[in-house]
Amino acid sequence: MDNLTHSAPHNRVHVHSSIPYSSTGACRLCATPLRRSVADLGLSPLANSFIKPELQNTMEAFYPLHAFVCEKCFLVQLSEFESPQSIFGDYIYFSSYSASWLQHAKRYVAQQRARFSLNTESLVVEIASNDGYLLQYVKDAGIRSLGIEPAANVAEIAIAKGIPTEVAFFGVQTAMRLKGAGYAADLMVANNVVAHVPDLHDFLEGFKILLAPGGVITFEFPHLLKLMQEYQFDTIYHEHFSYISLLVIRRALFNHGLRVFDVEQLPTHGGSLRVYATHEENTTLQENPAVNALCMEEREFGLESLDTYDQFSKSVVNIKCNILQFLIDAHHNGKVVVGYGAPAKGNTLLNYCGVGPELLSFTVDASPHKQNMLLPGTRIPVLAPDAIREKKPDFVLILPWNLKNEIIDTMSYIREWGGKFVTSIPGIEIL
């Protein structure tokens, strides 16, 4: 059992948002100075700061992209170089453009509706609700919902779908305001948002405030264990302040009076966790043995051993060299390589490897919000998917490798001229 999580109440230290964390290198959970490197990816622009073609000759900001692990609590994290307001105030990522993610959301709503007996009297609140990709299924089921989304341009899409949405960042202040207005959530959903929050204590305390006494929270986030096992260094980018294990999130929630009672391992985003939590005093939900089993697996892999992170750091450099070797060899052999997708992880990869249009002439993306833009840093053009049929490249490098099966099915016609798909994480693979 995790002693930090199951300490007697009088031994526990409650940690609140007044705990200092620093953009100059202190852990955002425990304020320990950060000294141990996990991956130094050099200087990089914000991964979703796409460039309009008419601005291609202007300057853009580059920030250190360097992940550290806390030697005390083992949270893997970046320093905060840009505020969430700057990153997410006008956002270019719309969840509804991924068919597989929509299916994931639809299944989730059906599962939780059945498991927790949600009905017309229930309230489902989603944090970082984006364009209503998930709450639309809650609405269709006749269940009350509320979205909380900081990006006004994205929230407008959800509101147009008839989904009540608060345009706000979530934390203690927002939670107190909503609680004062009479809201108490039976289910709180936080998909791929906890990693985006620099002040974790303020964020987690908000759940404690807004959750109904018998309510449930689910957090989904990329699993640090998978990142380490499969060398997914490209999932490190400025919008992701933290890279989280079950061990870490369990302790962090406990310090805010919330108890993890179940966990599921998911294939999304290269391997994610869905963590279920409730109020510590809610004894009706017993802990599933899967929680302790996964904590043991994380320890056995070495997530609480600094040597594990040292080895990862060396492997990242080797993968960079192999990617560059593939692209250089293709160029020397007269082969054309283009990309599929314009995800944040792709921008991390291309900037770290120093790849520009000379080696990857363009990439394509299904989102019209990204088409006819330039990738940040590398200035590689983003076109509509039909450009691949027109160009007939020899290789299509799949940048959102977590969606490779969906992409290969959609773009299978490249086989007609002998084209091949390529993925680069955890290593170069020609498919």
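Which element gives the most to the lining of the second largest cavity? Helix α8 does, with three residues; the tour reaches that site at its last stop.

The model is predicted, so local features need pLDDT of at least 70 and side-chain atom pairs count only at pLDDT 80 or more, while totals for chains, interfaces and linings use all residues. Residues are numbered from 1 along each chain as its sequence is written, and side-chain values use heavy atoms, with hydrogens and water left out.

**Stop 1: the β10–β11 hairpin**

Select residues 258–266, strand β10. Helices (H or I, at least four residues) and strands (E, at least two) are DSSP runs numbered from the N terminus. Seven of the nine residues of β10 are buried, that is, under 20% relative accessible area, with exposed meaning over 50% and partly exposed in between (1.4 Å probe, protein chains only). Extend the selection to β11, residues 272–279, which runs antiparallel to β10 and is joined to it by eight bridges; two strands pair if DSSP finds at least two bridges between them. Gln265 has Leu273 in β11 as its bridge partner. Five residues separate the two strands of this hairpin, and His269 in the turn has a positive phi of about 55°.

**Stop 2: a salt bridge from β11 to β8**

Remain on β11 and select Arg274, which forms a salt bridge with Glu220, the closest N and O atoms being 2.8 Å apart. Such a bridge requires a side-chain nitrogen of Lys or Arg within 4 Å of a carboxyl oxygen of Asp or Glu. Because Glu220 lies in strand β8 (residues 211–222) and Arg274 in β11, the pair ties together parts that are 54 residues apart in sequence. Both Arg274 and Glu220 are buried.

**Stop 3: the Arg35 network**

The whole structure holds twelve salt bridges. Select Glu71 and Arg35, whose closest N and O atoms are 3.3 Å apart. Glu71 lies in the loop between β2 (63–69) and β3 (76–77) and Arg35 in the segment before β1 (36–44), so this pair ties together parts that are 36 residues apart in sequence. Glu71 is partly exposed at 27% relative accessibility, whereas Arg35 is exposed at 59%. Add Arg36 and Asp310 to the selection: salt bridges that share partners join them with Arg35 and Glu71 into one network.

**Stop 4: the six-stranded sheet**

Display the open sheet with the strand order β14-β13-β12-β15-β16-β17, in which the pairing is mixed. β14 (382–383) and β17 (429–430) stand at the edges with a single partner strand each, so one side of each is left without a neighbour in the sheet. Within the sheet, β15 (residues 395–398) and β16 (residues 420–423) run parallel and are joined by three bridges; Phe395 has Lys420 in β16 as its bridge partner.

**Stop 5: the second largest cavity**

Finish with Leu29, Leu75, Val194, Leu200, Leu204, Ile244, Val248, Ile249 and Ala252, which line the second largest cavity. On a 1 Å grid over the protein atoms alone, a cavity is a set of points where a 1.4 Å probe fits but cannot get out, and lining residues have an atom within 4 Å of a point. The space in this cavity is about 50 Å³, a volume being the space filled by probe spheres set on grid points joined across faces, edges and corners. Two or more lining residues come from each of α6 (200–210) and α8 (246–254).

How values were computed
On a 1 Å grid over the protein atoms alone, a cavity is a set of points where a 1.4 Å probe fits but cannot get out, and a pocket is an open set with protein on both sides within 12 Å along at least five of seven lines; lining residues have an atom within 4 Å of a point.
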